[in-house]
Amino acid sequence: MTQFRIHHRTVYTYARPVAIGRHRLVLRPREGHDLRVDSIELIITPAHRLEWTWDVFGNCVAIVDFREPSDKLEIVSDVRLSRSAAFHAPDAPEPWRITYPVVYDVLETTIAAAYQAPSYPDDLDALRAWLTSEFARRDADDVERMFFDLGALIFQKIKYRRRQERGVQTPAQTLELASGSCRDMATLMMDAARALGVAARFASGYLECAAAEAGHASTHAWAEIYLPTLGWRGFDPTLGKPTSLRHVVAGVSNHPRGVMPVSGTYTGSTSDYLGMEATVKIEKIDS
């Protein structure tokens, strides 16, 4: 078992005290058979009221209502977690291999359909043309391997570029620019999988790496594919590899906007907003 501490700090600054509207925080890691949250502390200023809830995707979300104006909004999340259990072995026995096209169980089709619909329908033709051109050779006998190959293709074709701008690029924009942030690359892989008829979702969270340990990192994003029997399988196109025990999921959604770590509003003019700074530090805890 490995224990981690994740320290995530987000600061918004304003030219004068502004009225800060309701904020939605997707910062608490999703627990499961391989991950347990041992403790979490949220330190938020200015004065506020906080309520924890579950959203439709099963994410644990904090809803924050502020009680006074301020020229600074600071949100600090300090999480301690334990990670265990090995991931699925790559040489799974034959009965675990899923063939293409994927057929979902009748009990899952309604839910799967929400993850098969493209997030950016206007980009579907461009995506299909790109897949026909670049991804013609597909391993129809092993769909999981097929989508790992798709993620590796995105890693090869799209150059990682850290962006400070809000939001994500559409899949067509990322293909045209041949570059993008981790969120852009995850969105491209998600909608490419959907163009091939497979359920996929957007995952946001943390990645244990040298930059994160040094405190210079931000949150991370990748895609997850849903396959019969195998369940949700993660692939990180920014790294060109399947997800591992270094990936910690904080939230999942059928659209990138559904799992922004911090989202909310303020009342004031555009000139009131001076900027935002976010840092993430991940460190292992000696057991």
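## A first walk through the model

Let us start with one residue: Thr 187 lies in helix 5. The model you are looking at is predicted. Is Thr 187 buried or exposed? Thr 187 is buried, because its relative accessible area is 0%, and buried means under 20%. Leaving aside neighbours within four places in sequence, Thr 187 is in contact with Tyr 120, Val 168, Gln 169, Pro 171, Phe 202 and Pro 256.

For a contrast, turn to Asp 122, which sits in the loop between helix 1 (109-114) and helix 2. Asp 122 counts as exposed because its relative accessibility is 80%, and the cut-off for exposed is over 50%. From Asp 122 to Val 56 there are 66 residues in sequence and 26 Å in space, taken C-alpha to C-alpha.

**The nonpolar cores**

The largest nonpolar core holds 40 residues, and Leu 131 and Phe 147 have the most contacts inside it. At least two residues of this core come from each of helix 2 (124-134), helix 3 (143-157), helix 5 (182-195), strand 8 (200-207) and strand 9 (220-227). Which element gives the most to this core? That is helix 5, with 9 residues. Another core, of 24 residues, lies apart from this one, and its members include Tyr 14, Ala 62, Val 262 and Ile 282.

Leu 131 deserves a visit of its own. Not counting residues up to four places away in sequence, Leu 131 touches Ala 136, Arg 138, Leu 150, Ala 192, Ala 195 and Leu 196.

**Where two helices meet**

Helix 2 and helix 5 pack with their axes 10 Å apart, at an angle of about 80°. Helix 2 is therefore roughly perpendicular to helix 5. On the helix 2 side of this contact you will find Leu 124, Leu 127, Arg 128 and Leu 131, which meet Leu 188, Asp 191, Ala 192 and Ala 195 in helix 5. By type, the residues of this contact are 6 nonpolar, no polar and 2 charged.

**The sheet**

Next comes an open sheet of 5 strands, in the order 11-10-9-8-12, with antiparallel pairing. Which strands form its edges? They are strand 11 (241-242) and strand 12 (247-253), each of which pairs on one side only. Although strand 12 is an edge strand, it is mostly covered, with 7 of its 7 residues buried.

Two of the strand pairings are set out here, each with a pair of residues that stand opposite one another.

| Strand pair | Sense | Bridges | Residues standing opposite |
|---|---|---|---|
| Strand 9 and strand 10 (residues 231-236) | antiparallel | 5 bridges | Ile 225 and Arg 233 in strand 10 |
| Strand 8 and strand 12 | antiparallel | 6 bridges | Ser 204 and Gly 251 in strand 12 |

Helices pack on this sheet too. Helix 3 touches strand 9, strand 10 and strand 11, and its direction makes about 25° with that of strand 10. Helix 5 touches strand 8, strand 9 and strand 10, with its direction at about 155° to that of strand 8.

**Bringing it together**

Helix 5 is a good place to return to as you explore. Helix 5 carries the buried Thr 187, supplies 9 residues to the largest nonpolar core, meets helix 2 through residues including Leu 188 and Ala 192, and packs on the sheet.

Methods:
Residues are numbered from 1 along each chain as its sequence is written. This is a predicted model: local features need pLDDT of at least 70, side-chain atom pairs count only at pLDDT 80 or more; totals for chains, interfaces and linings use all residues. Side-chain values use heavy atoms; hydrogens and water are left out. A nonpolar core is a set of buried Ala, Val, Leu, Ile, Met, Phe, Trp, Tyr and Cys residues joined through side-chain atoms within 4.5 Å. Buried means under 20% relative accessible area, exposed over 50%, partly exposed in between (1.4 Å probe, protein chains only). Helices (H or I, at least four residues) and strands (E, at least two) are DSSP runs, numbered from the N terminus. Contact means heavy atoms within 4.5 Å. Axes are lines fitted to C-alpha atoms, for helices over the stretch in contact, and angles run from 0 to 180 degrees between N-to-C directions. Angles under 35 degrees count as roughly parallel, over 145 as roughly antiparallel, 65 to 115 as roughly perpendicular and the rest as oblique. Ala, Val, Leu, Ile, Met, Phe, Trp, Tyr, Cys and Pro count as nonpolar, Asp, Glu, Lys and Arg as charged, and the others, Gly among them, as polar. Two strands pair if DSSP finds at least two bridges between them.
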